[in-house]
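Here's a quick briefing to read with the sequence and the 3D view open. Take a look at the structure first, then work through the points below.

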Amino acid sequence: MDKGAHFHCCDLQVHTPRDLQWTGATCITEDERRSYATELVGACRARGINGIAITDHHDMLFVSYVRRAAEEETDPNGAPLQAHERLVVFPAMELTLAVPCQALILFDAEFPEDLFSLAMTALAITPSAHDKERTAEIQRLNIQSLRELKATLDKHAYLKGRYIILPNVGESGQFSLLRKGLAQKYVEMPCVGGYVDGDINKLGRGNAAIVAGTVKEWGNKRIACFQTSDNRFADHRLLGKWTTWIKWAIPSAEALRQACLAQESRIMQAAPKLPAVVISSISVSNSAFLGPFDLELNPQYNALIGGRGTGKSTILEYLRWALCDQPPTISDEDTPNYQARRARLVEQTLKPLNASVQVAFEVNGVSHIVRRSSQDGTLLMKIAGADMQPCTEHDVRALLPIQAYSQKQLSNVSVRIDELVRFITVPIQADLARTAQEARERADAVRSAYAARLRQRSLTQALQNHQLEEQSLTQQAGCPARRAHGALGRGSAASRPRQELRRGGGGCPDVARSRPKRQRGRDCAA
């Protein structure tokens, strides 16, 4: 199992039917409380929530029920979930202080239940009776500052280092620490984080500047902010509406504190964008040096730490060999021949045992497995649920291009243009190829559009020419002189065609044929 740090979607302020402002059915009997807890865990699962804090006012009764429901959750097949798959439940309380403000106190996720009452006693809180429907009316704790609150808790060894305090730093309201006259309380507090009810983007420019540490009057004190749902409804209508993604390896108060101190990389208000291509594990069937081993890897960062000769470099070389890494071209008299060294490593530690190296990786959430044999270097690949199939080194490098350098090689990268280009372009080779393809497609589209434009211009010019010709002919047909010429032609012999005038002489052939021959010449002359 990967024990590294991962992001978890969290709602760190969730209330239960014990809260005085609860809206919905009450839960008094054991069955009702267990049923509600099971329903809450299911609602968290449906909303993609990985961690919650049960933060009833001055009360921790329901924490045990929700914890138990999380431990008993099963997968769709009815099998119990593994520990790292379960909902994380932080024991917590919402406190009303005489500062005056409200604050959340969160304990380690594994904080023992038998210490809940002791934690409340340390804060001078009298627990409400177990069989009561609601908690008692909230009495403001006589704690004048957040520094005093920490000092009060640290008096008890069973609490020290096992909690984190998050004051309310909302935009407005009587419970927020960011109010006029409380600047000194803010400056002196030992807290490294705070919370807001609802959307963190509702923080105004002034308060956002305060928590960002850019306001001198507020001590330039920078803290991390968690947005929370503050859900108090039985139908879970607000649950998970405003969540915060927190990165931890172990769900503890210290992990939350460390996340606050490195908020740029460990706290996000939206789902973090993880690499699309990640190596998830390496498995070596046997090795003359390390024996058989399986190593799970974190999708974001991994470090192999150990003394000299413990096998750190060997594991990396096995990984590079299985993924067909092409060593850099850097070579000089001071740089070892890493390709030859790797070949000797495989020959001496893997081949005598007929061992193979298998690497699992994911590409956009799709699992891939590459297995390489030490006998002949042949490769097999499995994609998702398909069977193992032969593949080439080029196939492996196309799916998962990697870069590996020794310290000496890496120091020479910046002074060699070819290696510097390789260092930059290899991790984004697929993106560059996709960008180049898009550029070619757009160039084709531009050329096509330009040709269409030229054709349009040609047709437009032809159309204009035809329109001018039509206009000219229309004007000619409607000209007055043309109409007069047409009228003359209809009433006179002069307008008839010449060939008709020549027919039979005189233009009157019918008359001429009906007269005696001796009169034809005279008639025509007349």
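V14 has I54, in strand β2, as its bridge partner. That pairing belongs to a set of 3 bridges joining strand β1 to β2, and these two strands run parallel. Keep in mind that you're looking at a predicted model.

**Strand β1 and its neighbours**
- On the β2 side, the partner strand covers residues 51-54.
- β1 also pairs with strand β8 (residues 244-248), this time in the antiparallel sense, over 5 bridges.
- If you want to find that second pairing, look for C9, whose bridge partner in β8 is W245.
- Helix α1 (residues 30-46) joins the picture too: β1, α1 and β2 make a right-handed β-α-β unit.

**Buried or exposed?**
- β1 spans residues 6-14, and 8 of its 9 residues are buried, so the strand is largely enclosed by the rest of the structure.
- C10 counts as buried because its relative accessibility is 0%, and a residue needs to be under 20% to get that label.
- C27 comes in at 9% relative accessibility, so C27 counts as buried too.

**Cysteines**
- How many disulfides does the structure hold? The count is 0.
- Why doesn't C10 bond to the closest cysteine sulfur? That sulfur is in C9, and it sits 6.7 Å from the sulfur of C10, which is too far for a bond. A disulfide needs the two sulfur atoms within 2.5 Å.
- One handy general point: in a regular strand, side chains alternate between the two faces of the sheet.

Notes:
Residues numbered from 1 in each chain as written. Predicted model: local features only at pLDDT ≥ 70, side-chain atom pairs only at ≥ 80, totals over all residues. Heavy atoms only, no water. Buried < 20%, exposed > 50% of the residue type's maximum accessible area, 1.4 Å probe, protein only. Helix = DSSP H or I, 4+ residues; strand = E, 2+ residues; numbered from the N terminus. Pairing = 2+ DSSP bridges. Right-handed = clockwise from strand over helix to strand, strands pointing away.
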